[in-house]
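Here is a short note for someone opening this entry for the first time. Please read it with the structure in view.

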Amino acid sequence: MTYEVKSLNEECGVFGIWGHPDAAKLTYFGLHSLQHRGQEGAGILSNDQGKLKRHRDMGLLSEVFKNPANLDKLIGTGAIGHVRYATAGEASVDNIQPFLFRFHDMQFGLAHNGNLTNAESLKQELEQRGAIFSSTSDSEILAHLIRRSHNPNLMGKIKEALSLVKGGFAYLLMFEDKLIAALDPNGFRPLSIGKMANGAVVISSETCAFEVIGAEWIRDVKPGEIVIIDDNGIQYDSYTNDTQLAICSMEYIYFARPDSNIHGVNVHTARKRMGAQLAREFKHEADIVVGVPNSSLSAAMGFAEESGLPNEMGLIKNQYTQRTFIQPTQELREQGVRMKLSAVSGVVKGKRVVMIDDSIVRGTTSRRIVQLLKEAGASEVHVAIGSPALAYPCFYGIDIQTRQELIAANHTVEETRQIIGADSLTYLSIDGLIDSIGIETDAPNGGLCVAYFDGKYPTPLYDYEEDYRRSLDDKISFYK
Ligand code: SF4
């Protein structure tokens, strides 16, 4: 297999609830606040006294549940939901979650955020043993492993299955009498537990979903942990002791909503600190700071406060277009930038602008924004990035799996500056990033995965390893 297979990767959002008469509706509202994590498809599965029902489809949550009857039929006091991100080629309703598995003696639903690094080998092995997959997503693998386990009790089967899958995963499993949440041994993806006034327990990829439904945050799920929620309350268990926090730093940089807290750190505050640190590392003269809306506005605020430069609204975003990160072709991506951003000439004309962005992936977007600012009259555009250069692919759930796609993997900082047409280009240092996020932990890299930036993966890469290693001339390294 080649590591350039893209069909296995996705960045999604999951939400679950147990113990509320309006479980499916609350799941809808929870998912609505997680919509930024996936716009390709959505689904909700409800549990009505052991009877599992589901509705799922392609599109935004509001489109999937345009007909209220589709939500009304999901009665019951438990529910799980999923919003899915994927590239266009994988668009198929079969891949939309939650999955629902019905066997003669049991049924359960499954929702997954992340990417398994040994999916291909597990799938081959399972197929050789007679398993039939109904989707091309790696998320289904866990269900087959649970089903095929010879362990006599359900929790034993689940623990055995969880110890066989590798990579990044946050799972929600809905059984007839319980809701189960589980996180990978590095906790790559965020997952938090909350409680509602009536005692209902909620689980969400991000805490911003708790605010929307009036739930109170209890704590985050720990790496390698299993959380079991049933009518008797919450029980915490684990399937491995070999754990070490390495949460994806891109959650703080780009993915998560600014009003979410992850491992005790508010995302907006972390971004502000990244901006302030970036200002300390920035070495050029400028007149104004302009953040690229929306995910760079917090970093721009921090940069402006630290540098003493005015923070101006020099770029306006059309809120009704999708993120360029998820558009499939170069040409569409460029069109997307034009559709979604405008430079404000009355603000930037004649000014030396520090343009703050959260990251540079392919460089196309940055080049276009620099051009927009210059066309609007900016005399200089200094690009300052609130994260280190993205030079390595991600195998834990983010949509970049080849180095060829990353401008920083193939060009020096000076070459990148020239390609994007900026007057200077500054990236935040890796140490600066780690200090700015500031999770309270003794884990390496401040409990963060920074493999995107340094190529040091917190786990072996399993199915991806051989080809990837060859592609780097063995430059890849591991710290565990
Ligand atoms: S490689 Fe990058 S995107 Fe992937 S989990 Fe690590 S930090 Fe996040």
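The points below cover the ligand site and then two sheets, each with a helix that lies across some of its strands.

1. Status of the model. This is a predicted model, and the points that follow should be read with that in mind.

2. The ligand and its place. The ligand sits in the largest cavity. Around the ligand are C248, S249 and M250, then C394, Y396 and I398, and finally C449, A451 and Y452.

3. Make-up of the shell. By class, eight residues of the shell around the ligand are nonpolar and one is polar, while none is charged. Two helices, α8 (249-255) and α17 (451-454), each supply at least two residues of this shell. S249 and M250 fall within the range of α8, and A451 and Y452 fall within that of α17.

4. The six-stranded sheet. Six strands make up an open sheet with antiparallel pairing, in the order β5-β6-β7-β8-β12-β13. Its edges are β5 (99-102) and β13 (233-238); each has a single partner strand, so one side of each is left without a neighbour in the sheet. On average, neighbouring strands here are turned by 20 degrees against each other, direction ignored.

5. One pairing in that sheet. Strand β7 (residues 167-174) and strand β8 (residues 179-183) run antiparallel and are joined by five bridges. To find this pairing in the view, start from Y171, which stands opposite A182 in β8.

6. The helix on the six-stranded sheet. Helix α5 (residues 141-148) lies across three strands, β5, β6 (107-116) and β7. Relative to β6, helix α5 runs at about 130 degrees.

7. The seven-stranded sheet. A further open sheet has seven strands, again with antiparallel pairing, in the order β3-β2-β4-β1-β10-β9-β11. Here β3 (51-58) and β11 (216-220) are the edge strands, and each pairs on one side only. Neighbouring strands of this sheet are turned by 15 degrees against each other on average, direction ignored.

8. A pairing at its edge. The edge strand β11 is joined to strand β9 (residues 192-195) by four bridges, and the two run antiparallel. K195 stands opposite E216 in β11.

9. The helix on the seven-stranded sheet. Which strands does helix α1 (residues 23-32) lie across? They are β1 (13-18), β2 (41-48) and β4 (78-84), and helix α1 runs at about 25 degrees to β4.

Terms used
Residues numbered from 1 in each chain as written. Predicted model: local features only at pLDDT ≥ 70, side-chain atom pairs only at ≥ 80, totals over all residues. Heavy atoms only, no water. Near = heavy atom within 4 Å. 1 Å grid on protein atoms, 1.4 Å probe; cavity = no way out; pocket = protein on both sides within 12 Å on 5 of 7 lines; lining within 4 Å. Sits in = over half its atoms within 2 Å of the grid points. Nonpolar A, V, L, I, M, F, W, Y, C, P; charged D, E, K, R; others polar. Pairing = 2+ DSSP bridges. Axes fitted to C-alpha atoms, helices over the stretch in contact; angles between N-to-C directions. Contact = heavy atoms within 4.5 Å.
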